[in-house]
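Let's take a walk through a protein chain together. Have the picture ready and turn it around as you read.

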Amino acid sequence: MKVTLITGCDIPETEVTVRCRDADAEIISLMAALRIHEHKLTGEKDGALHILVPRDILYADTVDSKVFLYTADDVYETPLKLYEIEERLRGHSFVRVSKSQVANLNRVKSIRPEFNGRLMMTMQNGEELLASRQYAMQIRKLLGVD
């Protein structure tokens with residue numbers, strides 16, 4: 001892999017271009033790492049890499065050691081770990097709801113209490129996420145319903 005850095009005061013904006021023969025796992029991981037400095041995430045669907053903005057993401061979920069980003073219409077696989085998504089989207093109304101899920105509170109349609117202090121969160125697309133007791137208190141606090 002060849003890496004080149006060009007600096008100059010005449011460059012108006014930082015631009016990173018990745019040129020590659022194939023977008024393999026290493027390149028996708030590199031692109032995800034570069035996105036850390038932006039508030040965007042990358043997700044793969046049907047062999048294409050998509051750039052997602054936080055407001056469009058309903059939640060992130062881990063299934064079989066893979067992380068998926070859910071929007072109202074689609075599901076994208078991301079090379080990021082769930083804790084990386086949580087860190088990157090901190091300040092964008094995203095909150096951990098269980099060991100395997102991070103949800104966008106701005107895309108929650110309703111919340112109802114469940115047994116054992118858990119919360120059932122219905123997302124705007126109708127899907128339901130069960131917030132574990134461990135995270136429910138933080139969610140209540142963020143929503144001001146303590």
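**Arg96 and its partner**

Let's start with one residue: Arg96 is buried, its relative accessible area being 10%. Keep in mind that this is a predicted model, so everything here is computed from it. To count as buried, a residue must have under 20% relative accessible area, and that is why Arg96 with its 10% makes the cut.

What does Arg96 form a salt bridge with? The partner is Glu86, and the closest N and O atoms of the two are 3.0 Å apart. Side chains of opposite charge can pair like this when their charged atoms come close. Now find where the two sit: Arg96 belongs to strand β6, while Glu86 belongs to helix α2, residues 82–88. They are ten residues apart, and the pair links distant parts of the chain. Glu86 has a relative accessibility of 22%, so this residue counts as partly exposed.

A search of the whole structure turns up four salt bridges, and Arg112 is worth a look next. Arg112 has one salt bridge with Glu114, with 3.1 Å between the closest N and O atoms. Arg112 also has one with Glu128, where the closest N and O atoms are 3.5 Å apart. Because Arg112 lies in strand β8 and Glu128 in strand β10, this second pair ties together parts that are 16 residues apart in sequence. Put together, Arg112, Glu114 and Glu128 are linked in a network of salt bridges. How accessible are they? Arg112 is partly exposed at 39%, Glu114 is partly exposed at 26%, and Glu128 is partly exposed at 46%.

Next, the aromatic rings. The count of aromatic pairs comes to one. The rings of Tyr59 and Tyr70 have their centres 4.4 Å apart and their planes at 10 degrees, so we call the pair stacked. For that word, the planes have to be under 30 degrees apart. Tyr59 is in strand β3 (residues 57–63) and Tyr70 is in strand β4 (residues 66–71), so the pair ties together parts that are eleven residues apart in sequence. Are these two tyrosines buried or exposed? Tyr59 is buried, at 3% relative accessible area, and Tyr70 counts as buried too, at 14%.

Now move along to helix α3, residues 133–143, where Tyr135, Ala136 and Ile139 are buried. Looking down the axis of α3, you would see its buried residues fall within an arc of 115 degrees, so they line one face of the helix. It helps to know that an α-helix has 3.6 residues a turn, so residues three or four places apart point the same way. On the other side of α3 you'll find Arg133, Gln134, Met137 and Lys141, which are exposed. What do the buried residues of α3 pack against? They pack against four strands: β6 (94–98), β8 (108–113), β9 (119–123) and β10 (128–131). Just after α3 comes Gly144, with a positive phi of about 70 degrees.

Finally, zoom out. The protein chain has three helices and ten strands, and along the sequence they follow the pattern α-β-β-β-β-β-α-β-β-β-β-β-α. Of the 146 residues, 34% are buried. The C-alpha atoms fill a box of roughly 55 × 35 × 25 Å, taken along the principal axes. The accessible surface comes to about 10,000 Å², and 48% of that belongs to carbon and sulfur atoms.

Technical notes. Residues numbered from 1 in each chain as written. Predicted model: local features only at pLDDT ≥ 70, side-chain atom pairs only at ≥ 80, totals over all residues. Heavy atoms only, no water. Phe/Tyr/Trp six-rings, centres within 6.5 Å; stacked < 30°, edge-to-face > 60°. Buried < 20%, exposed > 50% of the residue type's maximum accessible area, 1.4 Å probe, protein only. Arc of directions from axis to C-beta. Contact = heavy atoms within 4.5 Å. Salt bridge = Lys/Arg side-chain N within 4 Å of Asp/Glu carboxyl O. Areas by Shrake-Rupley, 256 points an atom, 1.4 Å probe, with all protein chains shown as cover.
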